[in-house]
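Open the model in your viewer and have the selection tool ready. We'll go stop by stop, picking something out each time and looking at what is there.

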Amino acid sequence: MRLFDYNRAPNPRRVRVFIAEKGLEIPLIKVDLMRMQQLSPEFRQINPGATLPVLETDDGTYISESLAICHYLETLHPEPALLGSSPIEKAKVIMWNNIAEQGIDAAAEVLRNVSPGFRGHALPGPAPTEQIPALVQRGEVRVIQFFDRIEQQLASNAYLAGDNFSFADITLMAATEFADWVETHAYATRPALQRWYTEVTARPAANA
Ligand SMILES: N[C@@H](CCC(=O)N[C@@H](CS)C(=O)NCC(=O)O)C(=O)O
């Protein structure tokens, strides 16, 4: 197995942390997003959507989408369970993972429409897309709304999906860090998020 990865991007980070939490070792193949290597014909053979991460399995299948990759790895290596154990827990992990992904999307809406580095590439994928300045402010509203919802959940739950650390926390960790790229400093004003962030980043896998 190999993971196509870029160390600074939030979605590949989710999968690297998941792999580290499982105690697995999967070789990383760097695809440099700053140099737009994801748009090369070679990489588009691997993932026509031109996004990272992508897992190449031992039989040569390419799996994109972080949740799909982690679901595959969880099936092969069920312990420790990071996608929930009981039916209810599994549903809550997917639910909160999907909500946490909205935080990444909201921060991306700001970043990709304001940063000169994303001119002509405001959306991932091979088609050129122009920035829309009005989306910056709308994205900022989304980011605040997102973290307010998260704060409410973490105020009465140890972890995002309930009592146990899960992939939803990994996604939220990536979202929280990524939101800092657009100067959100979400945890500075949200005590439950701060408490949770301190705890999850103390886990050894958080360095992945
Ligand atoms: N839904 C996908 C999102 C993948 C994604 O958007 N990855 C970003 C990096 S965080 C990317 O590859 N961007 C390429 C680009 O901006 O061209 C997932 O869950 O993995």
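Where is the place of Glu 65? Select Glu 65 and you'll land in the loop between strand 4 (62-64) and helix 3. One thing to keep in mind as you look around: this is a predicted model. Check the backbone here, since phi of Glu 65 is near 80°, a positive value in a residue other than glycine. Glu 65 counts as partly exposed, with 16 C-beta neighbours inside 10 Å.

Glu 65 also belongs to our next stop, the residues around the ligand. Select them together: Ala 9, Pro 10, Asn 11, Leu 33, Gln 38, Ala 50, Thr 51, Leu 52, Pro 53, Glu 65, Ser 66 and Pro 124. Colour that shell by type and you should get 7 nonpolar, 4 polar and 1 charged.

Stay with the shell and pick Ala 50, found in the loop between helix 2 and strand 3. Its phi is near 60°, again a positive value in a residue other than glycine. Is Ala 50 buried or exposed? Ala 50 is buried, with 21 other C-beta atoms within 10 Å. Now move along to Leu 52 and Pro 53, which are joined by a cis peptide bond with omega of about 0°. Pro 53 lies in the loop between helix 2 (41-46) and strand 3. For another cis bond, select Glu 79 and Pro 80, where omega is about -10°. Pro 80 sits in the loop between helix 3 and helix 4.

Time to zoom out. Give one colour to domain 1 (2-76) and another to domain 2 (87-203). Their C-alpha centres lie 20 Å apart. Where they touch, 12 residues of domain 1 are in contact with 13 residues of domain 2. On the domain 1 side, helix 1 and helix 3 are the elements that give two or more residues, and helix 1 has the largest share, with 5 residues. That side divides into 7 nonpolar, 2 polar and 3 charged residues.

So let's look at helix 1 on its own. Its 13 residues should span 18 Å at 1.5 Å a residue, and the end C-alpha atoms are 19 Å apart, which agrees. Turn the rest of the protein back on: 11 of the 13 residues are buried, so helix 1 is largely enclosed by the rest of the structure. Among the buried ones are Arg 13, Arg 14, Arg 16 and Phe 18. The cover over them includes strand 1, helix 3, helix 4 and helix 6. Just after helix 1, click on Gly 23, which takes a positive phi of about 75°.

Next, the largest nonpolar core, which has 47 residues. Start with those that have the most contacts inside it: Phe 18, Ala 107, Phe 167, Ala 168, Ala 175 and Leu 193. Which element gives the most to this core? Helix 6 does, with 9 residues. Both domain 1 (2-76) and domain 2 (87-203) give residues to the core, so it lies between them. To see who meets whom, select Phe 167: leaving aside its neighbours within four places in sequence, it is in contact with Phe 18, Cys 70, Leu 82, Leu 83, Val 93 and Asn 97.

Last stop: Val 114, in helix 4. Val 114 is partly exposed, with 18 other C-beta atoms within 10 Å. Draw a C-alpha to C-alpha distance from Val 114 to Gln 131, and you get 7.4 Å for two residues that are 17 residues apart in sequence.

How values were computed
Residues are numbered from 1 along each chain as its sequence is written. This is a predicted model: local features need pLDDT of at least 70, side-chain atom pairs count only at pLDDT 80 or more; totals for chains, interfaces and linings use all residues. A nonpolar core is a set of buried Ala, Val, Leu, Ile, Met, Phe, Trp, Tyr and Cys residues joined through C-beta atoms within 7 Å. A residue is buried if 20 or more other C-beta atoms lie within 10 Å of its own, exposed if 12 or fewer, and partly exposed in between; C-beta atoms are placed from the backbone. Helices (H or I, at least four residues) and strands (E, at least two) are DSSP runs, numbered from the N terminus. Domain bounds come from an automatic or database domain assignment. Two residues are in contact if their C-beta atoms, placed from the backbone, lie within 7 Å. A residue is near a molecule or strand if its C-beta atom, placed from the backbone, lies within 6 Å of it. Ala, Val, Leu, Ile, Met, Phe, Trp, Tyr, Cys and Pro count as nonpolar, Asp, Glu, Lys and Arg as charged, and the others, Gly among them, as polar. The expected span of a helix is 1.5 Å times one less than its number of residues.
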